[in-house]
Amino acid sequence: MKSSVVPAGCLDSVDIQPSGGVPESLGLEQSAESLHSIPPHPLGIKPSGNQYTSSLNSKSSIGPFQLFPDEVLAIFLEYLNSSTLRFLGSTCKFLYAFCRSDDFWKSLFIDSPQSKSGSFDWRGTWRSTCLALSHDQVCRVNCDFVFSDVLYRPFLCTHTSLEPYTTNIPRANAIARLENLSFDEFSGRWSDKPFILTKPVHEWPVFKSWNTEALLHQYGNIKFRAEAVDWTLQTYVDYMNNSSDESPLYLFDRGFVDKMQLRVGKHQSSPSYWIPECFGEDPFAVLGENRPDDKWLIVGPARSGSTFHKDPNATSAWNAVIRGSKYWIMFPSSASSPPPPGVYVSEDQSEVTSPLSIAEWLLGFHAEARKTPGCVEGVCNEGEVLHVPSGWWHLVVNLDASIAITQNFVPRSHLAGVLSFLKDKSDQISGFKKDVVDPYGTFVERMQVDYSELLNQTFADLEKIAEVRKRKWDAAVGNTGEESGGGFSFGFGGDDSDEEVP
């Protein structure tokens with residue numbers, strides 16, 4: 001169960017302070033109307049600050065457990081099984097409120113045989129589904145004197161409107177919107193920039209035929225991967241249509257082309273869809289069946305999505321929305337620039353820590369992010385496709401129930417970055433089959449056969465980059481090989497920037 005702090009306050013004025021963040025009033029971006037639209041908690045639970053104006057506090061009834069902060073109590077409860085949770089929850093209102101938290105029951109159910117079967121009756125909450133309870137069998141004990149940020153925060157985030165964060169995008173931040181691009185235009189001007197294309201997806205047969213009902217009719221009994229579970233599409237849609245999770249499960253399936261027997265590419269007879277032509281051929285295609293995972297079907301309800309990350313193996317990506325719409329916020333990455341606000345990265349960038357749900361990040365860091373240099377944002381609507389350049393941080397959230405297809409690829413102009421990544425960051429490579437023991441060597445070997453001229457030019461470009469970096473280092477440490485008549489200088493002025501290899 002995630003923990004963070006909801007500082008003292010009441011329903012009419014709640015300040016959020018996510019872990020590692022700077023306190024920021026909801027009023028900075030939310031209107032008073034949206035604040036008042038947050039309903040009362042169904043069990044009556046309130047933020048911790050309300051205890052200071054109350055004559056009663058249910059926590060006084062939990063005996064020795066009073067010694068533990070709520071965050072520690074939540075960690076303890078994560079280790080309990082279903083029967084123990086139910087027993088402990090019957091002892092007093094405070095522990096009842098904690099033991100009713102759906103986060104605990106989600107973990108229990110995901111590990112259960114019912115979940116692993118992939119087909120079951122979703123009953124609206126993880127607890128009800130785990131205990132096979134109908135709506136009429138669910139009791140609700142009044143917990144008006146339970147004050148806990150740990151319990152109230154997920155409820156607040158679930159019921160906070162996304163509209164203030166995904167609308168009124170500053171003109172300077174807006175992602176460029178174009179009808180279409182040619183391959184030359186993309187390679188020459190746009191391969192390093194996010195953009196949205198409004199035309200190509202409209203030509204796809206799947207755009208004309210896919211919606212939730214059509215997919216259920218054809219593929220309802222087929223299992224798809226949704227984060228840590230493999231459920232039938234019918235089961236997932238039942239969950240999607242009747243869930244109040246703060247961070248809903250996101251269907252993200254890499255095997256959908258085979259499962260759905262789709263035909264990808266204009267060269268196919270009766271193709272299902274094809275790669276937008278501006279992105280050109282993907283050099284990773286030379287690997288054939290040994291290429292890393294590259295295509296995914298994405299389905300999810302409103303508020304589902306992905307927290308900040310970069311795409312794998314230094315690849316770029318495109319994301320095409322078939323139904324629904326998605327909000328994107330993105331930041332360029334370089335060796336000298338920090339990660340987005342609220343995101344913490346290890347020195348070698350192999351580990352990314354963002355201990356927040358999407359809604360909590362929006363509440364705590366969105367205002368700061370909009371003011372951060374390089375920030376771009378936009379909404380990709382139904383029938384549009386968004387380009388994610390390699391190395392860019394991005395967060396995406398569904399504004400309504402959505403169906404999308406995404407694919408990672410290697411633009412020719414970014415081949416140097418991919419080769420550098422495969423060679424120098426082998427511990428961070430992902431998506432290759434286990435029997436591909438040397439992805440870099442295998443890729444170079446196949447490129448020498450099919451694209452030797454492009455490969456040789458890329459190696460020459462990498463050598464130039466290495467020379468530039470060496471000159472910068474020599475200048476920084478004063479190792480110029482000559483006497484300096486004008487004193488020490490870093491001398492970075494005319495060289496290329498120290499940005500990451502694209």
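**Briefing: buried charges and salt bridges in a predicted model**

Glu246 has a relative accessibility of 11% and therefore counts as buried, the cut-off being under 20%. The structure is a predicted model, and the chain has an average pLDDT of 88. The side chain of Glu246 forms a salt bridge with that of Arg153, at 2.7 Å from N to O. The points below take up this pair, other salt bridges, Ser272 and the confidence of the model.

**The Glu246–Arg153 pair**

- Glu246 is placed in the loop between helix H13 (233-241) and strand E7 (251-253), whereas Arg153 belongs to helix H8 (residues 149-159), so their salt bridge ties together parts that are 93 residues apart in sequence.
- Arg153 also counts as buried, because its relative accessibility is 1%, under the 20% cut-off.

**Other salt bridges**

- The count of salt bridges comes to 14.
- Glu377 and Arg370 meet through their side chains in a salt bridge, with an N to O distance of 2.8 Å.
- Glu377 is buried at a relative accessible area of 0%, and Arg370 counts as buried at 16% relative accessibility.
- A network arises from salt bridges with shared partners, and Asp282, Arg291, Asp294 and Lys295 are joined in it.
- Arg225 and Asp230 form a salt bridge between their side chains, with 2.6 Å from N to O.
- Arg225 counts as partly exposed, with 34% relative accessibility, and Asp230 counts as partly exposed too, with 31%.
- Both values lie between 20% and 50%, so neither Arg225 nor Asp230 is classed as buried or as exposed.

**Ser272 and its surroundings**

- Ser272 is located in the loop between helix H14 (256-259) and strand E8 (295-300).
- The relative accessibility of Ser272 is 12%, so this residue counts as buried.
- Leaving aside residues up to four places away in sequence, Ser272 touches Trp204, Pro205 and Val206, as well as Leu262 and Arg263.

**Confidence of the model**

- A pLDDT of at least 70 is reached by 88% of the residues, and the chain average is 88.
- Residues 2-36 have a pLDDT below 50, and this stretch makes 81 contacts in the model beyond near neighbours in sequence.
- Residues 483-502 likewise have a pLDDT below 50, with 37 contacts in the model beyond near neighbours in sequence.
- Where pLDDT is low, predicted coordinates should not be read in detail.

Conventions:
Residues are numbered from 1 along each chain as its sequence is written. This is a predicted model: local features need pLDDT of at least 70, side-chain atom pairs count only at pLDDT 80 or more; totals for chains, interfaces and linings use all residues. Side-chain values use heavy atoms; hydrogens and water are left out. pLDDT is the predictor's confidence in each residue, from 0 to 100. Contact means heavy atoms within 4.5 Å. Helices (H or I, at least four residues) and strands (E, at least two) are DSSP runs, numbered from the N terminus. Buried means under 20% relative accessible area, exposed over 50%, partly exposed in between (1.4 Å probe, protein chains only). A salt bridge is a side-chain nitrogen of Lys or Arg within 4 Å of a carboxyl oxygen of Asp or Glu.
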